Amino acid sequence: VSAIFITGSGTDIGKTFVTAALIHEYRRRGRSIAALKPVASGFDPAAPEASDPGILLSALGDAITREALDQIAPWRFRAPLSPDMAAAREGAAIDFATLLQFCRECIAAARDLLLIEGVGGVMVPLDPTHTVLDWIAAISLPSVLVAGSYLGAVSHTLTALAALRQRDLQPRAILVNESPDSGVALDETAATIARFAAGIPVLALPRLPSIAAPHPALQHLADLL
Ligand SMILES: Nc1ncnc2c1ncn2[C@@H]1O[C@H](COP(=O)(O)OP(=O)(O)OP(=O)(O)O)[C@@H](O)[C@H]1O
Ligand SMILES: [Mg+2]
């Protein structure tokens, strides 16, 4: 049994899309895949199917019920803010130790591969003293860094990579996910990142017509995990 942490260079970069697309890829291979989105902000209880955990449950082929949401995304907050701020809006807080315990129990219970989607970018705060980076380090999981191809993405990606490496968290792969309406070429961006990310496979994923559409980059990523 193994688990992989899906993180990103920022919010809205494609972590959920890539996680769900990987779920579809593994299910096509007959694998018994599981997924978590432990901390979800911007969660609208009136439209759970549009939320990150809702999208992951759909990819898994599971019904989007209250119980299922509680199982894969116990920390859900309404405000579309960083998790610490979103929790505070509700008079709540994310207990870091409880979050780690939850993840460890899910990792131990997983039958095959478990994908854990983080939240925001690598250094988004979870509480007053911990960031996502602390979370990845504490559960010591290999990661996939999802990046974009917009103008500026190379610097954001290499900055995120430097932060991970500073904690000895070399990502298993960097997935450059094509940004919408970007004037920068996807393959050129991926090649540039690869030049500065020695030793890490860098894959390029174009915009896909559907989250369930197969693509060689997803097949390659699935092979690497
Ligand atoms: N390769 C792609 N092809 C088509 N649409 C994509 C692709 N990647 C991302 N999207 C779309 O872009 C939007 C943002 O992606 P996504 O929600 O996966 O980002 P995220 O990193 O998970 O954001 P958050 O920080 O909120 O968790 C979504 O509407 C998603 O469906
Ligand atoms: Mg997401």
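**View 1. Donor spacing at the magnesium ion (ligand 2).** Along the chain, the donors of the magnesium ion (ligand 2) follow the pattern T-x35-D-x64-E. The model shown here, as in every view, is predicted. T16 contributes OG1, D52 contributes OD and E117 contributes OE. These protein donors lie 2.0 to 2.2 Å from the ion. T16 belongs to helix α1, whereas E117 belongs to strand β5 (residues 113–117). The two are 101 residues apart, and the pair links distant parts of the chain.

**View 2. Burial of two magnesium donors.** T16 has a relative accessible area of 10%. E117 has a relative accessibility of 1%. Buried means under 20%, so T16 counts as buried at 10%, and E117 counts as buried at 1%.

**View 3. The largest pocket.** The space in this pocket amounts to about 770 Å³. Its lining is made up of 38 residues, and those closest to the centre are T11, D12, I13, K15 and D52. D52 is also a donor of the magnesium ion (ligand 2), through OD. Helices α1 (15–28) and α2 (52–60) each give at least two residues to the lining. By class, the lining of the largest pocket holds 17 nonpolar, 13 polar and eight charged residues.

**View 4. The second largest pocket.** This pocket has a volume of about 310 Å³. Seventeen residues line the second largest pocket, and I33, A34, A35, I72 and L114 are nearest its centre. Two or more lining residues come from each of β2 (33–36), α2, α3 (66–72) and α5 (96–109). Strand β2 gives the most, with four residues. The lining of the second largest pocket divides into 12 nonpolar, two polar and three charged residues.

**View 5. Strand β7, covered on both faces.** Strand β7 spans residues 173–177, and five of its five residues are buried. In a regular strand, side chains alternate between the two faces of the sheet. On one side of β7 are A173, L175 and N177. On the other side are I174 and V176. All of these residues are buried, and both faces of β7 are covered.

**View 6. Pairing of β6 with β7.** Strand β6 (residues 143–147) runs parallel to β7, and four bridges join the two. L145 stands opposite I174 in β7. From β6 the chain passes through helix α7 (residues 153–166) to reach β7. This β-α-β crossover is right-handed.

**View 7. Pairing of β7 with β8.** Strand β8 (residues 202–205) pairs with β7 in the parallel sense, over four bridges. Here V176 stands opposite A204 in β8. The chain leaves β7, goes through helix α8 (residues 186–196) and arrives at β8. The β-α-β crossover from β7 to β8 is right-handed.

**View 8. D134 in helix α6.** D134 sits in helix α6, which covers residues 132–139. The relative accessible area of D134 is 16%. The limit for buried is under 20%, so D134 counts as buried. D134 and V122 are 12 residues apart in sequence. In space, they are 9.1 Å apart, C-alpha to C-alpha.

Definitions and conventions
Residues are numbered from 1 along each chain as its sequence is written. Chains are lettered from A and ligands numbered from 1 in the order in which they are written. This is a predicted model: local features need pLDDT of at least 70, side-chain atom pairs count only at pLDDT 80 or more; totals for chains, interfaces and linings use all residues. Side-chain values use heavy atoms; hydrogens and water are left out. On a 1 Å grid over the protein atoms alone, a cavity is a set of points where a 1.4 Å probe fits but cannot get out, and a pocket is an open set with protein on both sides within 12 Å along at least five of seven lines; lining residues have an atom within 4 Å of a point. Grid points are joined across faces, edges and corners, and a volume is the space filled by probe spheres set on the points. Ala, Val, Leu, Ile, Met, Phe, Trp, Tyr, Cys and Pro count as nonpolar, Asp, Glu, Lys and Arg as charged, and the others, Gly among them, as polar. Donors are N, O and S atoms within 2.8 Å of the metal (3.2 Å for Na, K and Ca); water is not among the atoms, so sites may look incomplete. Buried means under 20% relative accessible area, exposed over 50%, partly exposed in between (1.4 Å probe, protein chains only). Two strands pair if DSSP finds at least two bridges between them. A crossover is right-handed if, with the strands pointing away from the viewer, the path from the first strand over the helix to the second runs clockwise.
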